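Trainee: I would be grateful for a close look at a single part of this protein, followed by an account of other parts that help to place it in a wider picture. Please take me through it step by step.

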Amino acid sequence: MVKPVATISVVPKLPEPLKRLEELAYNLWWSWNHNAIALFRRVDRDLWISTGHNPVVILGRVSQARLDELVKDAAFMTEYRKVLDSFDAYMNRATPPWYEQHHSGKEQPRIAYFSMEFGITESLQNYSGGLGVLSGDHLKSASDLGLPLIGVGLLYQEGYFRQYLNDDGFQQERYPINDYSNLPVTIVTNGDGTPLKVRIMLGNQQLTAIVHRVQVGRVPLYLLDSNLPENPGELRNLTDRLYGGDRRTRIQQEILMGIGGMRALDAMGLRPDVVHMNEGHSAFMALERIRVFMKEHQVSFDEARTITSASSVFTTHTPVPAGLERFGFDLIDEHFAGYMQEVGISREQFMDLGRENMGTYELFSMAVLAINCSTAANGVAKLHGRVSRELWQWLYPQIPSREIPIGSVTNGVHTQTWISYDMGRLFDRYLDPAWRSEDWRPDVWAEVENIPDGELWRTHELRRERLIAFTRSRLISQLKRRGAAQSDLARAEEVLRPDALTIGFARRFATYKRATLLFRDIERIKRILLDEEHPVQIIFAGKAHPHDNQGKEFIRQLIHVARLPEFRNHVVFLEDYDLHMARYLVQGVDVWLNNPRRPKEASGTSGMKVIYNGGLNFSVLDGWWDEAYAPEVGWAIGHGEEYAEADSEQQDYIESAAIYNVLENDILPTFYERGRDSLPREWIGMMKQSYVRLAPVFNTSRMVQEYTDDYYLPVYQRSHHLVAPKLEVGLDYAHWREALSKGWPQVAVKSVQVPAEAVQVGATIETSARVVLGSLKPTDVVVQLYYSPLTSDGDLRDDGSWVNMELAGTQGDEYEFKATVICATSGDRGVSVRILPANPNLTSSFEPRLIRWA
């Protein structure tokens, strides 16, 4: 094609009274404010639908005559002013947000949150699924709470794929181009108005990227873009697709996000005090922070790494080893040989930062790099925290898995984004207005009990009816695209019943999520679905990864089931699952079904969205549901059993039968048991209990508060202590860490004295130990008496207890430590002594991963 000689930006011409519509369109605050959404819809309803809910395009395409009409429309202008008043009050903090109320007067650390994807609104296709939606909800709640947080990621020219199915039901992908001149993104410029550019080396090639800004309420999101004519062809296309390309493309994308992202923040004068790596994709940022710190402070690599790690937080979302991002050493050599030379470390030292033994070979793991360069790490649910500690046990040899310093912060969802307009209006009538701004408060959600059962049920039924209408419309569009017969289109207009129990199953079609489990016994599920008195219908949606043929086969199988004449009015698969479809589903279903193989679901958030809309969860006890489930708020599949891979067939048999049993014996009778007023009172009671118990917990307001209080601020205070006002504390700590590593091989427990005879419950056991510390001092360590019941093999258990032993004396190069414990229960107890590092600058004695047992 012929290249243009120049590019001209054409912007909307709005009448003066409507000028601020453009300001609203470019701040994604509108995406979680129902009144603002309604305002843009009123500008031009057809454009609202055809543009995929994109206010920027609407303002550029709406006719001048229509704009003039709106200026004269008193009702529209009144609503416009109300929305502006709400927006101004929000942006100007008319009501001090949570962070200001709880952390005012303290130093304000700048927090940078890095993520490979951000799902904020469907018109900005910069996400693939749950990780991106969580990242978007994280930014929204950070904005609501007033956190000094910045988002960093990449801007994708094609984003993630759009899904369609061929005639056989097999998934196909298309990649429409995102026109960022018509999206709510702006290019970051220098003082002279030219685009700010960031340059990094990728092997022997230089890559230049520009930075786009997306305003998410009060929080800015910066996205790097390589689509510049000055880049070589393959590098110019680097940010074309999310999770696209080969391994070289992936490592280059992650170098751009991590290293380029840090350079972009520096160039904008926004160097962060705390960095949060949301998954390991951005872990290369740690290398850039080390390099810059070395250069600015003239310190060694190890000193810089020790000090910069103190201000890094890493969140893992992966419960299985196969899901981790790893690269071959050849790609590391190709892209980091120059870095190794610049910072003065050997190839082996560099590889050690991310080295993972895969059995017969080794790879460079981004998660290992993130853990090695962070001071705090966490999983995304309580169960996932346990799974992560077990997954990373090899990084912490001889340390009980329960004590491995990987915590958990359970995910949540952004309430205002996911609650329906209708349910929100109902809550406005009966709940404390704080439900919109302080959704973490249990007392606010307790007022759901004040809502009359009839009103709550009618609101929920309205949303189900809208879901059925939406499903029919989308199904007809799918059939038309495939050239379906007129008779098929006519049948699609009547598919599903507005009054039948409606189950939703929508998520990524990974094999462990078992989308087809419900149809394992086709005759039994047929009896359940086709029961004339208690009909059931199921709506499926979701995408398989483009390279996951087994996931695509699951979709194909579901399509063939849905086409069977007996299932045609009961089973529907909706193509091209996105945020818009997700809202209809979570706002309209009665039951949200989730049946992964435990414990492979790190958290899952789709079921949380259902909570706020009156739906009930029916799930395997995995991810978030493991800590949320109670019989009063939903149903469980199984009792938390975990099966070996070899037993997967048996697991599917047992758990599919459990699904059928619960449907037949619990869910259907509860839903269809109606009183004289036609209300399912027991079901409504469960809806209310779900609100009361779960709504205050599984939102991103609570989640971001947890990150702030348990991670961001403690990490900032610790790292600030190491570098301010001077580096002495940090350097002393780095030198101590170095001396600790060198001296640890000499550390040993020489002997332990424990009473040999049996003791009675309540008796005190006095234990003494003699230890040698070599070049270390007693103040460098903590000596602990560890005791626990025994395993069947006669070993100490991971869930034991410990007490610190006191220094009682010295003899030559040996130190004597003593402690006493009370025997509270009977039975055989194992006792041992262990030595751990001790320093006030450690977040945990296990942080250095050094331990010596007797």
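**Helix 11 and other parts of the fold**

Mentor: In helix 11, the buried residues are M285, A286, L287, E288, R289, I290, R291, V292, F293 and M294. Please keep in mind that this is a predicted model. Helix 11 covers residues 285-297, which makes 13 residues. Of these 13 residues, 10 are buried, so that the helix is mostly covered, where buried means under 20% relative accessible area. From the first C-alpha to the last, helix 11 reaches 18 Å, close to the 18 Å expected at 1.5 Å a residue. Just after the helix comes Q298, whose phi is positive, at about 55 degrees.

Let us turn next to strand 9, which comprises residues 274-278. This strand is mostly covered as well, with 5 of its 5 residues buried. Its side chains may be followed in two groups: V274, H276 and N278 point one way, V275 and M277 point the other way, and all are buried. On what terms does strand 9 pair with strand 1 and with strand 10, parallel or antiparallel? With strand 1 (residues 111-114) it runs parallel, joined by 4 bridges. Here the bridge partner of I111 is V274 in strand 9. With strand 10 (residues 312-315) strand 9 likewise runs parallel, again through 4 bridges. In that pairing M277 stands opposite F314 of strand 10. In general, the strands of a sheet are held in pairs by backbone hydrogen bonds, and the pairing may be parallel or antiparallel.

For the antiparallel arrangement, consider strand 7, residues 205-216. Because 9 of its 12 residues are buried, strand 7 is largely enclosed by the rest of the structure. Strand 5 (residues 186-187) runs antiparallel to strand 7, and 2 bridges join them. One of the pairs sets I187 against H212 of strand 7. Strand 6 (residues 197-202) is also antiparallel to strand 7, with 6 bridges between them. There L202 stands opposite Q205. Strand 6 and strand 7 form a hairpin with 2 residues between the strands, and G203 takes a positive phi near 70 degrees in it. Strand 8 (residues 219-225) pairs with strand 7 in the antiparallel sense over 7 bridges. Returning to H212, its bridge partner in strand 8 is L223. Strand 7 and strand 8 make a hairpin too, with 2 residues between them, and G217 in the turn has a positive phi of about 65 degrees.

Antiparallel pairing is also found in an open sheet of 4 strands, whose order is 22-23-27-26. The edges of this sheet are strand 22 (748-753) and strand 26 (806-811), each of which pairs on one side only. On average, neighbouring strands in the sheet are turned by 25 degrees against each other, if direction is ignored. Strand 26 pairs with strand 27 (residues 814-822) in the antiparallel sense over 5 bridges. Within this pairing, T810 has Y815 of strand 27 as its bridge partner.

We close with the empty spaces. Rolling a probe the size of a water molecule over the atoms reveals where space has been left empty. What volume does the second largest pocket hold? It holds about 1400 Å³. Its lining consists of 45 residues, and W48, G52, H53, E122 and H580 lie nearest the centre. Two or more lining residues come from each of helix 2 (34-43), helix 3 (45-50), helix 4 (55-61), helix 17 (415-418), helix 20 (453-481) and helix 24 (579-588). Helix 2 gives the most, namely 5 residues. Sorted by class, this lining contains 14 nonpolar, 17 polar and 14 charged residues.

As for cavities, the count of those of 30 Å³ or more comes to 3. The largest cavity holds about 50 Å³ of space. Among the residues that line it are R507, W592, N594, E601 and W625. Strand 19 (591-594), helix 25 (606-611) and strand 20 (616-620) each supply at least two residues of this lining. By class, the lining of the largest cavity divides into 3 nonpolar, 7 polar and 2 charged residues.

Notes
Residues are numbered from 1 along each chain as its sequence is written. This is a predicted model: local features need pLDDT of at least 70, side-chain atom pairs count only at pLDDT 80 or more; totals for chains, interfaces and linings use all residues. Side-chain values use heavy atoms; hydrogens and water are left out. On a 1 Å grid over the protein atoms alone, a cavity is a set of points where a 1.4 Å probe fits but cannot get out, and a pocket is an open set with protein on both sides within 12 Å along at least five of seven lines; lining residues have an atom within 4 Å of a point. Grid points are joined across faces, edges and corners, and a volume is the space filled by probe spheres set on the points. Ala, Val, Leu, Ile, Met, Phe, Trp, Tyr, Cys and Pro count as nonpolar, Asp, Glu, Lys and Arg as charged, and the others, Gly among them, as polar. Buried means under 20% relative accessible area, exposed over 50%, partly exposed in between (1.4 Å probe, protein chains only). Two strands pair if DSSP finds at least two bridges between them. Axes are lines fitted to C-alpha atoms, for helices over the stretch in contact, and angles run from 0 to 180 degrees between N-to-C directions. The expected span of a helix is 1.5 Å times one less than its number of residues.
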